[in-house]
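Work through the exercises below with the model open beside you, and try each task before reading its solution.

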Amino acid sequence: MKQKLVQLKDRLNDLSKRNRSIRMLKLYDKWAFDLSSIDKLDQKTNANTVVERVIDQKGNVVLVKQDVNNNESLVQSGKLTSLYRNIKGIEEETGLYDLYVGYPFVSGCMLDGTYIRSPLFLYPVKLERERVNGTQWKLYVEEGEPQLNRTLILAFKKFSGLDIDDKIFDEAEEQAKSINFLKLITWLKEYSFNILWNNQPELEKFIDYKQDTIPEFQKGQFQLDNMAILGNYPQGNSALLKDYEDLITETENGNGDLGIIAELLQAGESFNPSESEQDNSSHEDIKPEKEKFFVLDTDASQEEIINEVDRNRGLVVHGPPGTGKSQVIVNLIANSIAQDKKVLLVCQKRAALDVVYQRLESLGLSSHVALLHDEKNDRKPLYKKLHTLLEDDRSIQDYENDLIQLSNKVEEYESKLNAIAKGLYEVQPHGYKAYELYGLGKPISEIDVILELKEVLHSLTKDNLDEVLMKIFSYGNYYSRFGGENYPLKDRRSFAKLELKDRLTIVEIVKNVIEKAKTSIDYLSEFDQDDITPEYTWLINDKLEKIYEDLNPDEKRTLQKLRLWWWTSFTGKTIVEELLNGEKFKGVSSKEWPRVRESLKLLFDLSQVSEKMSKEMKDLQTYFSDELVKKYYERISKGDIPLKEFEQKHEYIIQDFEDLRNMDREYDANLPNIKKMIDMLKDKTGDHIHKQLSDEWVDIVKQSTFIHWIDDIESKHPMLTKIGTEEIEKVREHFKELLLQKRDLAVKVLINRLLKKLNQVKQTNSKAMKELKHQVGKKRMIWPVRKLVREFSLNGLLDVMPIWLTSPETVSAIYPLEKELFDIVIFDEASQCTVENGLPAVYRGAKIVVAGDEKQLPPSSLFKGAIQEDEDDVEVDDFNESESLLNLGKRTLPEKMLQWHYRSKSEELINFSNHAYYNGNIQIAPNVEPLRKPAAIQWHKVDGLWVNQSNEVEAKAVVDLLKNTIIKNPSKTVGIITFNAKQQDKIQDIIDAQVEADQEFGVLYQQIMSRDLDERVFVKNIENVQGDERDIIIFSIAYAKNNEGRVYNRFGTLGQQGGENRLNVAVTRSKEEIHVVTSIEPNELSVGSTKNDGPKFLKSYMEYAKAVSQVKKEEIEAVLSNLNEKQNTKKQTGPLLFDSPFEEQVYNALTNLGYKVDTQVGMSGYRIDQAIVHPNHPEKYILGIECDGAMYHSSPSAKERDVYRQRFLETKGWKITRIWSRNWWKNSSAEIEKIDQLVKKLVREESIKKEVMA
């Protein structure tokens, strides 16, 4: 651990040969200006006068008055312009104005052989450009004492081994106030500096050296040079170094519990969460509403982050461009205030802290917030605020009960809305969700038949329903053929267990029966009497049998006549009379006898054949129902012989036996529940059998099942029955209103809690508070901030002022190195904060939140001490930058990502970044006007040339575009971004010239530049544009053909490893429009041989920008698809895909009304389900439709589903309505009618508005 701390400390000590604070070999205009050079001009003020004024700290002095007729004045003014722009850029980036006159200089050779040339004293000054009758440059002496060059002293300690007492720094202030070289040398000797004076009384000119022209000194030999250089001199931060020394000492003493620092520095080793983290590892939000304080509009990803902060000791927050990072920080601060926690917000960029402060100020919460980025300049407002606070005796109005009541109401409404979502999307034991069932089910008004399935419902599931329906369909197919009442084999027994031999048996039996039936019918046809039936013959069969053999006239038998006489006279008398229709029989010798005799024979034969037929028919009882056999028996007995039926059965047995057997086997093989359903279906079907019966059965079973399941779900979740009712719509509206009311009330509660805490501290720590009030109210002998904070930070100050916004350096400068001094430390723009700068602030926190974006700029060396060559002088090699705190944090801490993009009004402005850098994970609102004309990105081609690493033609075109833009839209903010510093300077030079030459432009430009910092026009290169945003961004690509006709293929920092992140920053700064000004086409960029992604991404962006400008949708989609192959970036074309049948039905119904409807609208992970194209303006949408499908279900809370998402879309110009799946299921016609009427209403309103505006 000690070794790691030592390494980090060494990183802070930039004592390299490239540090201009100790080794200034050459003057670069952007960093330094030789004051002696003004003596080349014929001016009243000479360089010596300037130096004297600076030393005496008196007023201001004119350095250069520009004269267009004096070339030297133009040269010197140009150099001051470069320095001025760079220092202003640093101020805008960091909030610090670091400009000094370095005087005098020390040059010589350290004991290790290192040559140095550096200023001894640094005098704070300010450079201003004034335009009064021309341009003049003034130097203002700043408030603040001169200081010793700390970096020089550190270099003496390291390279010459000197042990220098820190009191030298205190004495230096007095020594610097009047320069006497001999006295100065004597004073320095007291601290073991062996320095001589070169006896030059006049100010010397600075001479540039190269490595081979450096003067030779003996080791340990130094001299004072009478040189004065105006410039930026970075100082190693002694406070940060002191923190590291103390931390190292702690580890050496063996009692150094470094807390979160230790966990971070052990990156790669397992992270052991605290017990509380383990206990709260569940992602369920159990925090009651009264403990949630969202004072700014929020979204689900932001709320999740705040919940995660409560659960964990540390959290990394990834914040892609425009996703509301400052928003979540303000809400995080508000929640911390509510929990009586002390918060430290740390950021190296003043602008980022200002944004958070301004938001807190707009809420009325800033009175307890300390903004202290610059210890010197921020002291006065801080002390004034503290004094005001300590004098504050406002009475406190108690809003706590109001908060509880309002929170309870929010929870009540949220519970209702969550109950709907839960009811819709809870997976039931059968496997379906209500949402799916509403989509799958027919509208209830279209259902005519329903089965009572309660007894079998438990056996049906999502997994087996299709299989059940398939079996019902299969059986239904058979039943549609064989289930009709008139089907000849309807009354058969089950054939399931029969074999083929049974088929033969049945056929044989029926065939025999048919033969006998035919014979019987023939016999019966011989009789006229209706009452002669087989049954009658069976009754008289015994009598007939006695005489039958005697009835054959050809056979003569003994006593034949006697037997016939006896039989006809006595035994068969009645039979004969019936045959004679009651007439008296005249004997066997009468003429009637032959006819009677034949009839008697027929009766007997009929009896025999019909009885055999009946017996054979009874053999069919094995195969047919008893009732059928009985019925046939009765018919046969009555003489109504069913020959036709027998013949049909014979035919159909032959024809259908196997299908019937399969049908019956299928039925028998089914589970009891399926048999019950089939039986119910048979009952419901009755005689209504048709070819589509199987489909009908499937539909009946399916819809009946769905209805039963829906009933069960709705009885379990009764809130579902209220979907679409006035009650639920009111709940949704009131829920929105309640959240707004709570947001406003939360601010009042927080203010009162802060005041209550203040009053408590005043009472419990009255003596310290009185002393604090005294110190911050003094007009003289005012304490430095560090003294005040160290005196009172543990004695009430952090209770009075619990929120501090500051830089990493200021943290170490003013706060004691006290572990967990703050409850939570938040780092903003952590991708640009080095580990070595951030860790001392980490140590002071019990919890940390590390917020930033690894896809944006890494820690910048732009404003450090190294001498900067122009980035295009040479192809820059990859260099080992310090690791960012963000990258270190994500190796150990849990991570969350902000997901909703707010900045860009058109999705084209952010789509490239989303797909190239974030895999499409940013949620972007689709355009109401998709790819409008003119497009949000516009392509401007000019014929520029690449000369001296810049493109003047393009620069002029950029300035013309700026001029036209601010004249046409003076209220719009504009930024210009270049890809190198020389193009940046070229554009700024042309703007300055235009301001002088064009009065209209000059006045307007000056007005804009007098606005707040974030509303001014900026001209920056891709190195220092992070954190800025403007309505309109103008890009100057600059790369062009040179005089030889070749395109320059050196890309500076863009070509380095990670250089593509610079492009990401640049292309995401715009809120409304981007104008790409270029001298080349994308295909002219040769990037195939570049080893890093930056140039390749630049080419892709140019292709994308041109395609957007020309509204070529296919080309846009192709570029994005190439960047992000994993995600579909295309609008749906061809076969449409829907989340559910319900959504498909909605689409079909709307298109049937004549509307053009697009589905899955958007090019990010966020899509609007369906959007209706404006009937009169096909280039835009008039209405977005959200179904309660996948996007609805993906929202984790009612707030996102019912408030945040719709608010988000409405801010982007959408009109949104929702169709509930249950409403559609109940009455789709009514829902479509509502949509139709809403569209017509919107069209009417637009028309009326247009007339009024006209």
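**Exercise 1: an aspartate in helix α7**

At 3% relative accessibility, aspartate 243 counts as buried, and the structure to be examined throughout these exercises is a predicted model.

Task: Find the helix that holds aspartate 243, and list what aspartate 243 touches beyond residues up to four places away in sequence.

Solution. Begin with the position in the chain: aspartate 243 belongs to helix α7, which covers residues 238–252. Next, set aside residues up to four places away in sequence, and the contacts of aspartate 243 are Ser812, Leu817, Pro840 and Arg844. Then turn to glutamate 245, whose side chain meets that of lysine 9 in a salt bridge with an N to O distance of 3.6 Å. This pair links distant parts of the chain, since lysine 9 sits in helix α1 (residues 2–12) and glutamate 245 in helix α7, 236 residues apart. Finally, note the accessibility of glutamate 245, which is partly exposed with a relative accessible area of 35%.

**Exercise 2: salt bridges**

Task: Determine which helices are tied together by the salt bridge between aspartate 992 and arginine 85, and state whether aspartate 992 and arginine 85 are buried or exposed.

Solution. As background, side chains of opposite charge can pair when their charged atoms come close. The side chains of aspartate 992 and arginine 85 meet at 2.7 Å, N to O. Because aspartate 992 lies in helix α34 (residues 981–997) and arginine 85 in helix α3 (residues 71–94), the pair ties together parts that are 907 residues apart in sequence. Both aspartate 992 and arginine 85 are buried.

For a further case, take glutamate 1200 and arginine 1205, whose side chains form a salt bridge at 4.0 Å, N to O. Glutamate 1200 counts as buried because its relative accessibility is 7%, under the 20% cut-off, and arginine 1205 is buried too, with a relative accessible area of 2%. Salt bridges that share partners also join Arg85, Arg129, Asp989 and Asp992 into one network. In total, 76 salt bridges are counted.

**Exercise 3: an enclosed helix**

Task: Explain why helix α32 (residues 908–917) is described as largely enclosed by the rest of the structure, and identify elements that cover its buried residues.

Solution. First count the buried positions: 10 of the 10 residues of helix α32 are buried, so the helix is largely enclosed by the rest of the structure. Among these buried residues are Glu908, Asn911, Phe912, His915 and Tyr917. The cover over them includes β17 (937–941), α36 (1060–1067), β21 (1070–1078), α37 (1093–1109) and α38 (1113–1123). Then follow the chain onward: just after α32, asparagine 919 takes a positive phi of about 55°. In the loop between α32 and β17 lies proline 934, which is joined to lysine 933 by a cis peptide bond with omega about -5°.

**Exercise 4: unusual backbone angles**

Task: Which residues does the other cis peptide bond described here join, and where do asparagine 199 and glutamine 949 lie?

Solution. For reference, most residues other than glycine have a negative phi, and most peptide bonds are trans. Tyrosine 103 and proline 104 are joined by a cis peptide bond, with omega about -20°, and proline 104 is placed in strand β3 (residues 100–109). Asparagine 199, with a positive phi near 60°, lies in the loop between β7 (195–197) and β8 (222–225), and at 54% relative accessibility asparagine 199 counts as exposed. Glutamine 949 also has a positive phi, of about 60°, and is found in the loop between β17 and α33 (952–968); with a relative accessible area of 16%, glutamine 949 is buried.

**Exercise 5: nonpolar residues inside and outside**

Task: Which helix gives the largest share of the largest nonpolar core, and which residues make the nonpolar surface patch of about 580 Å²?

Solution. The largest nonpolar core has 94 residues, and those with the most contacts inside it include Ile420, Met677 and Leu1150. Helix α25 (residues 693–716) supplies the largest share of this core, 10 residues. At the surface, the patch is made by Leu559, Leu562, Trp565, Trp566 and Phe570. Leucine 559 is placed in the loop between α18 (534–547) and α19 (560–571), and at 54% relative accessibility leucine 559 counts as exposed.

Definitions and conventions: Residues numbered from 1 in each chain as written. Predicted model: local features only at pLDDT ≥ 70, side-chain atom pairs only at ≥ 80, totals over all residues. Heavy atoms only, no water. Patch = residues over 30% accessible without salt bridge, like charges linked within 9 Å, V, L, I, M, F, W, Y side chains within 5 Å. Areas by Shrake-Rupley, 256 points an atom, 1.4 Å probe, with all protein chains shown as cover. Helix = DSSP H or I, 4+ residues; strand = E, 2+ residues; numbered from the N terminus. Buried < 20%, exposed > 50% of the residue type's maximum accessible area, 1.4 Å probe, protein only. Core = buried A, V, L, I, M, F, W, Y, C linked by side-chain atoms within 4.5 Å. Contact = heavy atoms within 4.5 Å.
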